Amino acid sequence: MTFRFVPVADGVHVLREPLLDVNVTLVVGDGAALLVDTLSTAGQAGALATAARAVTPYPWTLVNTHHHFDHCFGNATLAADPPRPVYAHERAAAALRDRTDRLRRAAYEEMRADHPALAAELAGTTLLAPTHTVHTETVLDVGGRRVVLRHPGHGHTDADLVVHVPDADVLVTGDLVEQSGPPAFEESYPLQWPDAVAELLRMTTPATVVVPGHGTPVDVEFVRAQHARLAELAWLIRAAHTGGAPPERVAADSPFGARPGLTAARRGYRELDGAP
Ligand SMILES: [Zn+2]
């Protein structure tokens with residue numbers, strides 16, 4: 001397994017893992033570096049470490065954009081020996097500390113049918129919980145570069161973090177923005193997701209390079225279009241719920257297709273029905 005980082009802005013590099021199309025972002029400062037997300041397994045994270053070492057010799061700090069396996073199961077390989085700081089939202093950190101068996105089992109179940117070899121590896125992966133938590137915002141100094149970690153509200157999960165590198169005009173969004181497929185709604189808050197993306201748009205300029213959770217980097221127009229579709233979907237969910245229609249009705253009109261639409265509608269109905 002050989003991975004390679006590609007520069008997307010001054011001192012900012014992106015690696016695209018080919019199996020699930022996951023992006024890892026490397027920010028290089030003066031004497032220090034930052035890695036955003038750590039991929040799925042020890043094997044992937046080892047290849048990621050090699051790729052990062054081809055770009056910079058500096059020690060890294062890690063960030064997990066959220067607690068889904070493809071963004072954080074490589075933590076132990078990259079931050080256990082020598083120990084390195086790992087940042088995540090406080091709820092993602094709690095999940096990686098207290099719900100490790102559940103996360104491993106969910107990852108296994110999700111990958112079992114399409115990627116059985118990966119599923120088997122995921123089931124045996126050692127997880128490493130984040131060492132530093134973010135509530136709303138934390139500002140890091142990465143070798144003289146200001147990097148902002150921000151929780152823009154509930155969206156893809158209740159624990160998403162985005163990483164803003166203002167001096168390079170780069171915004172790393174995790175799975176709040178998706179390029180290579182529709183957004184994933186399984187653990188989402190579809191009624192609040194549009195507001196979270198609106199918050200991201202407020203952090204951009206017309207020239208911002210946006211690194212999505214999966215797929216190729218995109219521009220602000222792409223994010224605007226995704227925001228509009230998320231807002232349309234949220235509206236469909238509210239209207240159908242108010243009218244007493246079943247979630248299947250939302251799926252039929254979903255701007256992201258029927259299956260994601262149905263998952264989103266069920267999540268939205270749960271929220272509107274006051275489920276915890
Ligand atoms: Zn995710």
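**Exercise 1.** At roughly what angle do the axes of helix α5 and helix α6 cross?

*Ground rules.* This is a predicted model, with local features needing pLDDT of at least 70 and side-chain atom pairs pLDDT 80 or more, while totals for chains, interfaces and linings use all residues. Numbering runs from 1 along each chain as its sequence is written, and side-chain values use heavy atoms, leaving out hydrogens and water.

*Solution.*
- Find the helices: α5 is residues 100–111 and α6 is residues 116–123 (helices are DSSP runs of H or I, at least four residues, and strands are E runs of at least two, numbered from the N terminus).
- Take the axes: they come within 8 Å and cross at roughly 175° (lines fitted to C-alpha atoms over the stretch in contact, with angles from 0 to 180 degrees between N-to-C directions).
- Classify: that makes α5 roughly antiparallel to α6 (angles over 145 degrees).
- List who touches whom: R104, A107, Y108 and M111 in α5 meet P116, L118, A119, A120, L122 and A123 in α6 (contact is heavy atoms within 4.5 Å).

**Exercise 2.** Work out which residues coordinate the zinc ion, and how they are arranged.

*Solution.*
- Grab the donors: H66 (NE2), H68 (ND1), H156 (NE2) and D175 (OD) sit at 2.2 to 2.3 Å (donors are N, O and S atoms within 2.8 Å of the metal, or 3.2 Å for Na, K and Ca; water isn't among the atoms, so sites may look incomplete).
- Check angles: the four donor atoms subtend 89 to 172°, so the arrangement is irregular (four donors are tetrahedral if all angles lie between 85 and 135 degrees, or square planar if opposite donors are over 155 degrees apart and all others between 65 and 115; anything else is irregular).
- Read the spacing: H-x1-H-x87-H-x18-D.
- Place two donors: H68 is in the loop between β5 (60–63) and α2 (69–72), and D175 in the loop between β11 (170–174) and α7 (193–202), so the pair ties together parts 107 residues apart in sequence.

**Exercise 3.** Locate two backbone oddities, at P82 and L39.

*Solution.*
- The D81 to P82 peptide bond is cis, with omega near 0°; P82 lies in the loop between α3 (75–79) and β6 (86–89).
- L39 isn't a glycine, yet has a positive phi of about 70°; look for L39 in the loop between β4 (33–36) and α1 (42–53).

How values were computed. Parallel < 35°, antiparallel > 145°, perpendicular 65-115°, else oblique. Tetrahedral: all angles 85-135°; square planar, octahedral: opposite > 155°, others 65-115°.
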